[in-house]
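Biologist: Please look closely at one part of this model and describe it step by step. Start with how the strands are arranged, then move on to what lies around them.

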Amino acid sequence: MPIILGETGYVPSVPLIQEPQVFRITWTAPSGRVTEFYSLGTSLADFVTMPGVSGFDMPLFTAYTDTSPGFDGEINRGFRTEARDITIPILMYAWDRATFKKMRSDLFTDLNPRAGVPGRLTVTEWDGSDSRSIECFYAAGLEGALDDTEQGMDFSKALIEFRAPDPYWLGKTITPKPLKAVDDSGWLPLFPIRVTASQILGNTQITNTGQADAFPTFTITGPASTINLRNNTTGEEITLAYNLAADDTITINTKEGRKSVKLNGVTNLYPYLSLESTLWALKPGINDVTFTLPGESLATTLAFSYQERFLAAW
């Protein structure tokens, strides 16, 4: 790889990468522009990830406990997963001053948290076989230091810190294959589910292949007089007393902080939920569920998807 000599005469310390690393790191800005943080450093203008990456494995947990004067120790009441801090040391360099300034300016624009929405860090296996991502904001590290070891005319080192409000890494979105024809023989544990007027929906199993609760999105196309979606594993259910007309669609999003029940993507149907309803999550592993759609017809469908959530980046 090129060794860049800045106008100061200082040669920046760049780790020589002889073989492909285990993974690639990219940053996707809210604008959609992608910056490769883990390259091999073989071009004339590049970003190279330095040793010291942290925050890619287990998140931090806070235990909630009670104590009593009547016995030693404490009683555990539960755990909370805390927001995640991620640190990525990088070297940014270019062959000339103008290119370096452009790279630096673009990076600052793409990391600006005042955009109001998070960017996305993605970690991909070097062979492309798997990837996980996490939404986060730039927190610190690019304040700058004008000296011959951290920053020069055409290079800069930085310890970039990110803050992820949701500490879990996201994997694949699981969307089972749609049915292409009606099967009148009985229940099929596939999605979207197509039902007939004579069919009684029953129990099936959904396997959450992630390591944390996953938040499903349900899309029901009418007609249906009532919607009941029950997770028998957790004992929670969603009951929506709404007469759904043919060709109308209800979308139920159960994600934390973004929960919604909407008709045709516009009308809020939250008031039609029963008082006992909980927009439930899928627990890791097997979930026994029951879906019931009274008043259905041959045109009624129920589609389902969720995104895997993991404790670590790989």
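Modeller: The part I chose is an open sheet of 4 strands, in the order 12-19-14-15, with antiparallel pairing. At its edges are strand 12 (203–208) and strand 15 (236–240), each of which pairs on one side only. On average, neighbouring strands of the sheet are turned by 20° against each other, direction ignored. That angle is taken between lines fitted to C-alpha atoms, on a scale from 0 to 180 degrees between N-to-C directions. A strand here is a DSSP run of E with at least two residues, numbered from the N terminus, and two strands pair if DSSP finds at least two bridges between them. In general, strands of a sheet pair through backbone hydrogen bonds, either parallel or antiparallel.

This is a predicted model, in which local features need pLDDT of at least 70 and side-chain atom pairs count only at pLDDT 80 or more, while totals for chains, interfaces and linings use all residues. Residues are numbered from 1 along each chain as its sequence is written, and side-chain values use heavy atoms, with hydrogens and water left out.

Inside the sheet, strand 14 (residues 227–231) and strand 19 (residues 285–292) are joined by 4 antiparallel bridges. One residue of the pairing is Arg 230, whose bridge partner in strand 19 is Thr 290.

Now follow the chain on from strand 12. Ala 214 sits in the loop between strand 12 and strand 13 (217–221). Ala 214 is classed as buried because its relative accessibility is 0%; buried means under 20% relative accessible area, exposed over 50%, and partly exposed in between, with a 1.4 Å probe and protein chains only. Leaving out residues up to four places away in sequence, Ala 214 touches Asn 208, Ala 281, Leu 282, Tyr 306, Gln 307 and Arg 309, where contact means heavy atoms within 4.5 Å. Its C-alpha atom is 6.2 Å from that of Glu 308, although the two residues are 94 apart along the chain.

Three of these partners, Tyr 306, Gln 307 and Arg 309, also line the second largest pocket. A pocket is an open set of points on a 1 Å grid over the protein atoms alone, where a 1.4 Å probe fits and protein lies on both sides within 12 Å along at least five of seven lines; lining residues have an atom within 4 Å of a point. The volume of this pocket is about 200 Å³, meaning the space filled by probe spheres set on the points, which are joined across faces, edges and corners. Strand 20 (301–310) and strand 10 (169–174) each supply at least two lining residues, and strand 20 gives the most, with 3.

Further loops follow. Pro 223 lies in the loop between strand 13 and strand 14, and the peptide bond from Gly 222 to Pro 223 is cis, with omega near 10°. Past strand 15, the loop leading to strand 16 (249–253) contains Asp 247. Its phi is near 75°, a positive value in a residue other than glycine. Asp 247 counts as exposed because its relative accessibility is 67%.
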